[in-house]
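Biologist: I am new to this structure and would be grateful for a close look at a single part of it. Please begin with one pairing and then set it in its surroundings.

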Amino acid sequence: MAENDRKEKGGAVVLRVCSANRDELRIECESVRFSIPDGADGKKSGGLYGIRRGHADALMAVAPGKVTALSGGKTIFSCSVGEGLAVITGDGVTILTDRADVPDGKG
């Protein structure tokens, strides 16, 4: 596969977790998962959302829960976050939250 094809179809995503209670975390991975809340009108269900490289730019609400970074089908990083926002670009996910609880030694 040509280098340009690999960049378009796969490759690293940079997860950034920014919170008031700790320094910014930066993790390179293949995909990111986080929870989105139910719609205020009760018509749109929330749930788990996954992002890979090349995703359309988006701004999403983040529900309290786990943010997980995966590579090779395995979890390489996970932390609990409070409510917040996810800023999504083609090569990154930035989680802006009031709280990020990271296990010791993981960032």
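Which residue in S8 is the bridge partner of Ala 61?

Modeller: The bridge partner of Ala 61 in S8 is Leu 85. Before going further, please note that this is a predicted model, in which local features need pLDDT of at least 70 and side-chain atom pairs count only at pLDDT 80 or more, while totals for chains, interfaces and linings use all residues. Residues are numbered from 1 along each chain as its sequence is written, and side-chain values use heavy atoms, with hydrogens and water left out.

The pairing to which Ala 61 and Leu 85 belong is that of strand S5 (residues 58–62) with strand S8 (residues 84–89), antiparallel and made of five bridges. Strands here are DSSP runs of E with at least two residues, helices are runs of H or I with at least four, and both are numbered from the N terminus. Two strands count as paired if DSSP finds at least two bridges between them. In general, strands of a sheet pair through backbone hydrogen bonds, either parallel or antiparallel.

S8 has a further partner: six bridges join S8 to strand S9 (residues 92–97), again in the antiparallel sense. Within that pairing, Gly 84 stands opposite Thr 97. The link from S8 to S9 is a hairpin of two residues.

This part of the chain also carries a nonpolar patch on the surface, formed by Leu 59, Leu 85, Val 87 and Leu 96, which together have about 330 Å² of accessible area. Leu 85, the partner of Ala 61, is thus one of the patch residues. A patch is built from residues with over 30% relative accessible area and no salt bridge; nonpolar side chains (Val, Leu, Ile, Met, Phe, Trp, Tyr) are joined within 5 Å and like charges within 9 Å. Accessible areas come from the Shrake-Rupley method with a 1.4 Å probe, and for residues, only the protein chains shown count as cover. Leu 96, which lies in strand S9, is partly exposed, with a relative accessible area of 37%. On this scale, buried means under 20% relative accessible area, exposed over 50%, and partly exposed in between (1.4 Å probe, protein chains only).

Val 81 offers a contrast to Leu 96. Val 81 belongs to strand S7 (residues 74–81) and counts as buried because its relative accessible area is 1%. Apart from neighbours within four places in sequence, the residues in contact with Val 81 include Val 62, Val 67, Thr 97 and Arg 99, where contact means heavy atoms within 4.5 Å. Val 81 and Cys 18 are 63 residues apart along the chain, yet their C-alpha atoms are separated by 9.9 Å.

The interior can be described next. The largest nonpolar core has 22 residues, of which Leu 15, Val 32, Phe 34, Val 67, Phe 77, Val 93 and Ile 95 touch the most other members. S1, S2, S3, S5, S6, S7, S8 and S9 each supply at least two residues of this core. Such a core is a set of buried Ala, Val, Leu, Ile, Met, Phe, Trp, Tyr and Cys residues joined through side-chain atoms within 4.5 Å. In soluble globular proteins, nonpolar side chains tend to be buried together. Leaving out residues up to four places away in sequence, Leu 15 touches, among others, Val 32, Phe 77, Val 93 and Ile 95.

Arg 99, which Val 81 contacts, forms a salt bridge with Asp 101, the closest N and O atoms being 2.5 Å apart. A salt bridge is a side-chain nitrogen of Lys or Arg within 4 Å of a carboxyl oxygen of Asp or Glu. Asp 101 is partly exposed at 37% relative accessible area, and Arg 99 is partly exposed at 31%. The count of salt bridges comes to three.

Finally, the wider setting. The protein chain has one helix and 10 strands, with the helix placed ahead of the strands in the pattern α-β-β-β-β-β-β-β-β-β-β. Five strands make an open sheet in the order S4-S3-S6-S7-S10, with antiparallel pairing; its edge strands are S4 (47–52) and S10 (100–101), each of which pairs on one side only. Of the 107 residues of the chain, 30% count as buried.
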